[in-house]
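Q: Hi! Could you walk me through this one? I'd like to go through it bit by bit.

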Amino acid sequence: MTDPTLVTDTTDAPRTVLHLIGSPVDEFHAELSRLYGGACLRALHDPDRYRAVVAYVAPDGSWRFAPDVTPEALAAAEPRTAAEAIAHVATLGVDVMVPQMFCLPGMTSYRSLFDVLGIPFVGNTAEVMAIAADKARTRAIVAAAGVPVPPGRVVFDDAAVDVDLPVVVKPVGSDNSVGVTLVRDRRDYADAVRLALAEGGGALVESYVELGREVRCGIVVRDGELVCLPLEEYAVDADTKPIRGRDDKLARSTDDELYLVAKDASRAWIVPTDDPVTERVWEVARRCHEALGCRHYSLFDFRIDPDGQPWFLEAGPYCSFADSSVIAVMASAAGLSVRRLFADALTELDREGSTSCTSPL
């Protein structure tokens with residue numbers, strides 16, 4: 001069914017849209033990518049406007065080209081080496097790529113590959129994604145732009161440091177609240193740091209911001225202007241749920257299917273735009289977007305202290321264009337369908353003249 005907010009020009013051939021899905025890192029990231037990527041394919045299905053092609057990267061590094069991400073479609077697709085896949089991409093007449101990968105190589109190296117191939121893609125550049133994947137680097141950049149960040153430091157061992165408790169210890173480079181611990185007792189500090197360091201890189205030891213509230217702010221770019229979307233608030237409680245954990249985001253069903261816990265209405269909801277906190281968060285979110293060099297859209301988490309002051313937590317400048325994607329949920333609350341959201345991103349890409357793709361082969 002065609003989105004009534006879009007006007008289809010039937011004189012033009014449909015755009016060939018390549019959905020880059022999977023992960024060369026592990027099955028968890030590949031499964032997460034299939035979850036969002038499959039939902040995106042369903043949400044954007046409109047043969048009059050788009051010809052969808054799936055390029056799936058398996059954990060073993062092989063590529064497969066398929067019409068969708070069902071197990072049957074992927075099993076039937078011929079596995080190809082990276083070199084063979086790149087050669088095949090050149091034959092597809094791809095107009096735009098949609099990145100659907102969540103692992104670090106997927107968010108960085110694979111996006112850079114499409115820059116080299118001269119194929120434009122929606123969303124943030126590999127450079128921006130690399131910055132956002134490093135929590136310490138991100139907070140330093142937004143702090144320099146005048147955004148409040150909790151006091152913190154990066155450590156590389158579990159030796160005691162002189163910090164006032166409580167603190168939140170988190171891996172510098174992981175997502176989905178993996179390895180994150182709230183430390184109230186100094187005896188728990190070393191274990192928390194070791195847990196964070198097990199994810200690789202350093203551990204960020206950050207002062208705990210008392211609740212408050214916790215919200216997420218999305219921004220989309222329309223006609224070159226930053227448009228802040230309604231905030232999404234998450235269920236936290238100073239006593240029973242002081243920080244969000246991995247179990248607040250992802251879980252498995254009884255038949256071992258991965259699903260999104262955070263979409264439960266009891267865990268997350270849209271904040272009315274006349275809430276006093278909204279304008280405060282919008283102001284600092286715009287600074288974050290500009291400081292990090294985001295394009296097309298961005299997404300930021302903030303802790304709100306008891307006085308109503310927003311404190312930056314992290315950036316997640318990602319949108320899968322699935323109905324369940326956070327930016328899509330926020331946009332829907334503002335009256336923008338996911339198809340409109342995607343069309344606007346394509347318009348911005350066209351307006352920029354595909355400046356991210358300057359070295360076509």
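Q: To start, what is the bridge partner of Val 168 in E8?
A: Glu 206 is the partner of Val 168 in E8. Keep in mind that this is a predicted model.

Q: Thanks! And how many bridges do E6 and E8 pair over?
A: E6 and E8 pair over 5 bridges, in the antiparallel sense. In general, strands of a sheet pair through backbone hydrogen bonds, either parallel or antiparallel.

Q: What order do the strands of that sheet come in?
A: The order is E5-E8-E6-E7, so to speak from one side to the other: 4 strands that form an open sheet with antiparallel pairing.

Q: Which strands stand at the edges, and why is one side of each left without a neighbour?
A: Those are E5 (152-155) and E7 (181-183). Each has a single partner strand, so one side of each has no neighbour in the sheet.

Q: How many degrees are neighbouring strands turned against each other?
A: On average 25 degrees, with direction ignored.

Q: Which strands does helix H7 touch?
A: H7, residues 135-144, packs on the sheet and touches E5, E6 and E8. The direction of H7 makes about 45 degrees with that of E8.

Q: And where does helix H8 lie?
A: H8, residues 189-197, lies across E5, E6, E7 and E8. H8 runs at about 25 degrees to E6.

Q: New topic: how many cavities of 30 Å³ or more does a search of the whole structure find?
A: The search finds 2. The largest has a volume of about 310 Å³, and the second largest holds about 60 Å³ of space.

Q: Which residues lie nearest the centre of the largest cavity?
A: Val 168, Lys 170, Val 180, Glu 214 and Leu 313, out of 23 residues that line the largest cavity. So Val 168, the residue we began with as the partner of Glu 206, turns up again in this lining.

Q: Which strand gives the largest share of that lining?
A: E6 does, with 3 residues. Strands E6, E8, E15 (297-304) and E16 (310-315) each supply at least two.

Q: How do the lining residues of the largest cavity divide into nonpolar, polar and charged?
A: There are 9 nonpolar, 4 polar and 10 charged residues. Domain 2 (151-207) and domain 3 (213-353) each give at least three residues to that lining.

Q: And which residues line the second largest cavity?
A: Among them are Val 220, His 296, Phe 321 and Asp 344. Strand E9 (213-222) and helix H11 (338-352) are the elements that give two or more residues to that lining. By class, the lining has 6 nonpolar, 1 polar and 2 charged residues.

Terms used. Residues are numbered from 1 along each chain as its sequence is written. This is a predicted model: local features need pLDDT of at least 70, side-chain atom pairs count only at pLDDT 80 or more; totals for chains, interfaces and linings use all residues. Side-chain values use heavy atoms; hydrogens and water are left out. On a 1 Å grid over the protein atoms alone, a cavity is a set of points where a 1.4 Å probe fits but cannot get out, and a pocket is an open set with protein on both sides within 12 Å along at least five of seven lines; lining residues have an atom within 4 Å of a point. Grid points are joined across faces, edges and corners, and a volume is the space filled by probe spheres set on the points. Ala, Val, Leu, Ile, Met, Phe, Trp, Tyr, Cys and Pro count as nonpolar, Asp, Glu, Lys and Arg as charged, and the others, Gly among them, as polar. Domain bounds come from an automatic or database domain assignment. Two strands pair if DSSP finds at least two bridges between them. Axes are lines fitted to C-alpha atoms, for helices over the stretch in contact, and angles run from 0 to 180 degrees between N-to-C directions. Contact means heavy atoms within 4.5 Å.
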